[in-house]
Amino acid sequence: MALSIWEALAVFGAGIGAGTINTIVGSGTLITFPVLLATGLPPITANVSNTLGLVPGSISGAIGYRRELQGQGSRVLRLGITALVGGLAGAVLLLALPSSAFDAIVPALIGIALVLVVLQPRLARTLARRRERNGTHVPAHGGPVLFAGMLLASAYGGYFGAAQGVLYLSLMGVLLDEDLQRINALKNVLAVVVNGVAAVFFVLAAHVDWTAVLLIAVGSVIGGQIGARIGRRLPPVALRGIIVAVGTVAIVQLLLK
């Protein structure tokens, strides 16, 4: 599909915005997806093209957060495999199932994630006290509950992806004894895995608008570096506030669409 110069600039600008917000929180799809629809792309083609275009931005953001990834190699590998399986499952579901049932539950999932983000410090302290009383410790990789949650969140990410980062941050924030910035760095790597495996599947099985992909890809790479510089300077309270704000916008947009 041919884009006018103004449409192309709008898609490119949306790519920068999405790359920035994805690196800080996630939910960049809420910026790019409506813009692609406004250019006249069918919803499935817009979703597929958006996923491919955001892969380079996710890589850019992960590189920008590489300092916070130190010492997390084993965790990245374990959760990365989980994200790979979930992301592929979500991509298959996108092309195989009607969206109505999935769309109905997504706002509720994001709402639960936001509650977990807000309560994360209190929940973490409660869990720490309980483990101390029982003489147990926090599993380095989060345990089976985290893996199950990340599998489902990754399937959602492969399917659509709006607020996927919010789901990741809420799950890992509660179930990992880790600094929020280091969790954010891990989230960026997992987003690369999910978007990457979904992108490979879409290239083989779906129609792609390569002009849109290129514009979003270039813009999201720029945005990824901007997001890394901004995000790592934010204190935990501010970062948590941004997560809640973005997640709330996601819920409203999904309910009104």
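The bend at a residue is the angle between two fitted axes, one for the seven residues ending there and one for the seven starting there. Keep that in mind for the second exercise; the model you are looking at is predicted.

**Exercise 1. Get your bearings in the fold**

Task: Work out which secondary-structure elements the protein chain holds and what share of its residues is buried.

Solution:
- Step 1. Start with the elements: the protein chain has ten helices and zero strands.
- Step 2. Walk along the sequence, and the pattern reads α-α-α-α-α-α-α-α-α-α.
- Step 3. Now turn to burial. A residue is buried when its relative accessible area is under 20%, and 51% of the 257 residues in the protein chain are buried.

**Exercise 2. Follow helix 3**

Task: Find where helix 3 has a kink, and compare the reach of this helix with the expected one.

Solution:
- Step 1. Helix 3 covers residues 43-64, which is 22 residues.
- Step 2. From first C-alpha to last, helix 3 reaches 31 Å, close to the 32 Å expected at 1.5 Å a residue.
- Step 3. Look at Val 55: here helix 3 has a kink of about 30°, shortly before the proline Pro 56.
- Step 4. Check the surroundings. Of the 22 residues in helix 3, 17 are buried, leaving the helix mostly covered. Pro 56 itself is partly exposed, because its relative accessibility is 27%, and partly exposed lies between 20% and 50%.
- Step 5. Finally, look for a partner far away in sequence: Gly 224 is 168 residues from Pro 56 along the chain, yet their C-alpha atoms are separated by 8.6 Å.

**Exercise 3. Inspect helix 8 and its start**

Task: Decide whether the span of helix 8 agrees or disagrees with the expected value, then find the residue that caps its N-terminal end.

Solution:
- Step 1. Helix 8 runs over residues 180-205, so its 26 residues should span 38 Å at 1.5 Å a residue.
- Step 2. The end C-alpha atoms of helix 8 are 37 Å apart, which agrees.
- Step 3. At the N-terminal end, Asp 179 is the cap: one of its side-chain oxygens lies 2.9 Å from the backbone nitrogen of Gln 181.

**Exercise 4. Place two arginines**

Task: Say whether Arg 75 is buried or exposed, and find what lies by the side chains of Arg 75 and Arg 232.

Solution:
- Step 1. Arg 75 belongs to helix 4, residues 73-96.
- Step 2. Arg 75 counts as buried because its relative accessibility is 12%.
- Step 3. The side chain of Arg 75 makes a polar contact of 2.9 Å with that of Glu 178.
- Step 4. Arg 232 has a ring for company: it lies over the face of Tyr 65, at 5.4 Å from the ring centre.

**Exercise 5. Sort the cores and two valines**

Task: Identify the residues that touch the most other members of the largest nonpolar core, then classify Val 237 and Val 35 by exposure.

Solution:
- Step 1. The largest nonpolar core has 53 residues, and Leu 146, Met 150, Tyr 168, Met 172 and Leu 190 touch the most other members.
- Step 2. Another core, of six residues, lies apart from it and includes Ala 62, Tyr 65, Leu 69 and Ala 228.
- Step 3. Val 237, in helix 10, is exposed because its relative accessible area is 68%.
- Step 4. Val 35, in helix 2, has a relative accessible area of 22%, so it is partly exposed. Its C-alpha is 6.4 Å from that of Val 11, 24 residues apart in sequence.

Conventions: Residues are numbered from 1 along each chain as its sequence is written. This is a predicted model: local features need pLDDT of at least 70, side-chain atom pairs count only at pLDDT 80 or more; totals for chains, interfaces and linings use all residues. Side-chain values use heavy atoms; hydrogens and water are left out. Helices (H or I, at least four residues) and strands (E, at least two) are DSSP runs, numbered from the N terminus. The expected span of a helix is 1.5 Å times one less than its number of residues. Buried means under 20% relative accessible area, exposed over 50%, partly exposed in between (1.4 Å probe, protein chains only). A charge sits over a ring if NZ of Lys or CZ of Arg is within 6 Å of the ring centre and within 35 degrees of the ring normal. A polar contact is a pair of N or O atoms within 3.5 Å; within protein, one must be able to donate a hydrogen and the other to accept it, and residues adjacent in sequence count only if both atoms are side-chain atoms. A nonpolar core is a set of buried Ala, Val, Leu, Ile, Met, Phe, Trp, Tyr and Cys residues joined through side-chain atoms within 4.5 Å.
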